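Here are some notes for a colleague who is meeting this structure for the first time. They are set out as numbered points, to be read alongside the sequence and the model.

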Amino acid sequence: MGSPPRGRWARAVWRLRHELRAAMGLRSAFRVDGVYFKETSTLPLWRSLAQSAGGAGSKQYRVTYPDGSKQYIQCARDRIYADAMGAMLLPAVQMAGGMIRPGSRVLCLPAGTGYAPAWLGRHVGRSGAVVSIEPDKESVVFAQKRYPGTNIAFECGGVESLRGETDGSFDAVISISHIRTDAPADACTLRELWRVTRPGGFMLVGRAGVSPVELRERVRAAALVDVHDHRAADDADQEAVPGLDA
């Protein structure tokens, strides 16, 4: 299948193709690093996330991992899958990139669907370690399968999971939330995160706010940038499609 041109015509071709596939009842699919994603409905992702456009606020995919195991995932505003939606949390985490050294021990909480801890894992190297804690079980199961690494541990839990950690256990603590909120950070949580940060280490805390409108536009952009890298694969899985750099 030929690649559509970039720019305005690429967008027009992509939209037309998707609408035709949807009208025919065909579901799109793509492959990223050996992981196969198949949508379970024909409604476009950006429209599924936009309740104002008739969407449910989420979109389901069936994921098949290289070992043959499968998982159903729900893309949503508070559950960002980089392969389908773009690595929205990553820019905030990358602010700490210059301060993280090989051999560092880093805590990431909450960890989301795993792409941010995976990025951190590449920075700390084999001699370092990333402890990734996330309360959402679906996200943890996905992260364990999608971003396996000997220097990354994906665990299901919250700040209470740190009770067994000694003071100053981590060289860096990163806590970036997906959701926009005006509520102040919980003081007890901040104290616990600071407790496990070693003297001379650092803690990065913040919120990567994404409004529904901004989320829709980012998802549409992720699908339209480098359209040839996001071609629809048919039910016979004849096309392998590289994805976004997570």
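**Notes on the predicted model**

1. In this predicted model, helix α6, made up of residues 137–146, lies across β1, β2 (35–39), β3 and β4, and runs at about 120 degrees to β4.

2. The strands beneath that description belong to an open sheet of 4 strands, ordered β1-β2-β3-β4 and paired in antiparallel fashion. Its edge strands are β1 (29–32) and β4 (70–76), each of which pairs on one side only, and the twist from one strand to the next averages 30 degrees. Strand β3 (residues 58–64) runs antiparallel to β4 and is joined to it by 7 bridges; within this part of the sheet, Ser58 stands opposite Ala76 in β4.

3. Helix α6 also takes part in a salt bridge, in which the side chains of Glu138 and Arg79 meet at 3.4 Å, N to O. This pair links distant parts of the chain, since Glu138 sits in helix α6 and Arg79 in the loop between β4 and α3 (82–85), 59 residues apart. Both Glu138 and Arg79 are buried.

4. The structure holds 10 salt bridges, and Arg195 deserves a separate look. With Asp167 it forms a salt bridge of 2.6 Å, N to O, a pair that again links distant parts of the chain: Asp167 is in the loop between β7 (152–156) and β8 (170–177), while Arg195 is in helix α7 (residues 187–195), 28 residues apart. Asp167 has 60% relative accessibility and therefore counts as exposed, whereas Arg195, with a relative accessible area of 23%, is partly exposed.

5. Arg195 forms a salt bridge with Glu192 as well, and here the closest N and O atoms are 2.9 Å apart. Because Arg195 and Glu192 are 3 residues apart in helix α7, about one helical turn separates them. Glu192 counts as buried, because its relative accessibility is 18% and the cut-off for buried is under 20%. Elsewhere, salt bridges that share partners join Asp33, Asp83 and Arg146 into one network.

6. Which residues, leaving aside its neighbours within four places in sequence, is Ser104 in contact with? They are Val124, Gly128, Ala129 and Asp171. Ser104 itself is found in the loop between α4 (90–94) and β5 (105–108), and it counts as buried because its relative accessibility is 12%. The side chain of Ser104 also reaches the backbone oxygen of Arg101, at 2.7 Å.

Conventions: Residues numbered from 1 in each chain as written. Predicted model: local features only at pLDDT ≥ 70, side-chain atom pairs only at ≥ 80, totals over all residues. Heavy atoms only, no water. Pairing = 2+ DSSP bridges. Helix = DSSP H or I, 4+ residues; strand = E, 2+ residues; numbered from the N terminus. Axes fitted to C-alpha atoms, helices over the stretch in contact; angles between N-to-C directions. Contact = heavy atoms within 4.5 Å. Buried < 20%, exposed > 50% of the residue type's maximum accessible area, 1.4 Å probe, protein only. Polar contact = N/O pair within 3.5 Å; in protein donor to acceptor, adjacent residues only side chain to side chain. Salt bridge = Lys/Arg side-chain N within 4 Å of Asp/Glu carboxyl O.
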